[in-house]
Amino acid sequence: MSETFIQADDSITLWGMIIIWASVSIYLEQRYNWASKVTGAIIALVGAMILSNTGVIPLESPVYDAVWSVIVPLAIPLLLFHVNIKKIWKESSRLLLIFLLSSIGTVAGTIIAFFTLRNHIPFLDQLSGIFSATYTGGGVNFAAMSAKFDTPEAITSSAVVADNLMMALLFIILMMIPAVNFIRKRYSAPHVKQVEQRQSDADKTLAESFWKRKEVSLKDMALSIGTAFLLVIVSLKIAEFFAGIIPSGDDASFFNNLLSGIIGDQYLVLTTLTFIALAVFPNYFSGLNGSQEMGTYLIHLFFVVIGIPASIPLIIQTAPLLLLFAFIIVAINLILSLVFGKLFKMSLEEILLASNANIGGPTTAAAFAIAKGWKQLVGPILIVGTLGYIVGNYIGTFLAVWFGSIM
């Protein structure tokens, strides 16, 4: 890997770059109408892609890992503190249906991509298993399936690069779709309209109208962050405990794998604990001002980090066909998600979040919902998206075995 202007071990500078660019993205979104339409999330992501592809910052660093392991889990409870729990189950049932239908798009896309490119990409049976599992659940499945098939490291590395670039491109597309008139005329979009209706001042951007100034005390900040950290720590320990005692993997039963995937997953445990806390102490959480703002800011740090690994020169040098392979799967997933969503009268927000949860996992889908201001869908998509962790590996294994028998 070539040298960059800022080195991977220069933690303070890299943290500074991430935080400064996230802050600039939010400022632009609230200052200019064009940026408000593009959204701060896309500005954060594209800016990070430019910084990494021009050699300013490295593609990998422990700092980026810290954003995934600390910042993202901390943001989730902060953003759920003011969620209306009564709407959760209704939204979850609808999202579950479109999520499962969207996963059919992943399977169909993988089959088409395999038969289109099987004579041009080595180990495509294994890669099909890896990508189909990943584009049903997320990055957790990529790691699990790569280890399962023991795919050569060079092939896996190229697949990681293709996946990272494809994810960055997908986020940009998903963010832009609600603004396309052709789509808006054909799908209901209640959450988009709700956000747009909050823009009462014509002199303000949509983002600035949504994020109105509010009273936040030092106590609000202390209790919000302290409570979020407490929930993160407890959920992590609970998930680690159950993951350690429940057998999982190829040799375990379906029930054990299912149980481990549910109570051994930190994000699902974290979401569940947060909902329980909200139900038990509603007055406490309703009195916390500023938690949504703090959580949203942390999510913008996450969007910066998502864009960093998307190395365009690297994918051109190593495996452009893998990017085409990934693109076919993602494109068919999104197209079929829109078709199924129309047939079953799903809202545009539900369709896009389901596709996002399939391709990028529940965490990135929640970040997408947060960035768009669809706060009532954050909890449901986290719950529903976690199902992909469980079923993804089974889908990937089935397709890999099938394709391996005909290669």
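Phe229 sits in helix H12 of this predicted model. Its relative accessibility is 37%, so Phe229 counts as partly exposed. Phe229 also has company at the surface: together with Val70, Val216, Met221, Ile225 and Ile233, Phe229 forms a nonpolar patch with about 460 Å² of accessible area. Which helix gives the most to this patch? The answer is helix H12, spanning residues 218–245, with 4 residues. As you look along that helix, keep one general idea in mind: an α-helix has 3.6 residues a turn, so residues three or four places apart point the same way.

**Two salt bridges**

Next, look for charged partners. The model has 2 salt bridges, listed here.

| Salt bridge | Closest N to O | Citation |
|---|---|---|
| Arg94 and Glu350 | 2.8 Å | |
| Lys214 and Glu293 | 3.1 Å | |

Start with Arg94 and Glu350, which form a salt bridge. Arg94 belongs to helix H5 (residues 88–117) and Glu350 to helix H19 (residues 348–360), so this pair ties together parts that are 256 residues apart in sequence. Arg94 is partly exposed, at 30% relative accessible area, whereas Glu350 is buried, at 3%.

Now for the salt bridge between Lys214 and Glu293. This pair links distant parts of the chain, 79 residues apart: Lys214 is in the loop between helices H11 (206–210) and H12, while Glu293 is in helix H16 (residues 291–307). Lys214 is partly exposed, with a relative accessible area of 43%, and Glu293 is partly exposed too, at 25%.

**Looking inside**

Is Ser337 buried or exposed? With a relative accessible area of 0%, Ser337 is buried. Find it in helix H18, which covers residues 320–343. The side chains of Ser337 and Ser102 make a polar contact at 2.8 Å. Beyond its neighbours within four places in sequence, Ser337 is in contact with Ile98, Ser102, Ile351 and Ser355.

Thr156 offers another example, this time in helix H8 (residues 153–176). Why does Thr156 count as buried? Its relative accessibility is 16%, and buried means under 20%, so Thr156 falls within that class. Setting aside residues up to four places away in sequence, Thr156 touches Phe142, Ser146 and Thr151.

Finally, visit helix H14, made of 15 residues (266–280). From its first C-alpha to its last, helix H14 reaches 21 Å, close to the 21 Å expected at 1.5 Å a residue. The buried residues of H14 include Gln266, Tyr267, Leu268, Thr274 and Phe275.

Methods:
Residues numbered from 1 in each chain as written. Predicted model: local features only at pLDDT ≥ 70, side-chain atom pairs only at ≥ 80, totals over all residues. Heavy atoms only, no water. Helix = DSSP H or I, 4+ residues; strand = E, 2+ residues; numbered from the N terminus. Buried < 20%, exposed > 50% of the residue type's maximum accessible area, 1.4 Å probe, protein only. Contact = heavy atoms within 4.5 Å. Patch = residues over 30% accessible without salt bridge, like charges linked within 9 Å, V, L, I, M, F, W, Y side chains within 5 Å. Areas by Shrake-Rupley, 256 points an atom, 1.4 Å probe, with all protein chains shown as cover. Salt bridge = Lys/Arg side-chain N within 4 Å of Asp/Glu carboxyl O. Polar contact = N/O pair within 3.5 Å; in protein donor to acceptor, adjacent residues only side chain to side chain. Expected span 1.5 Å × (residues − 1).
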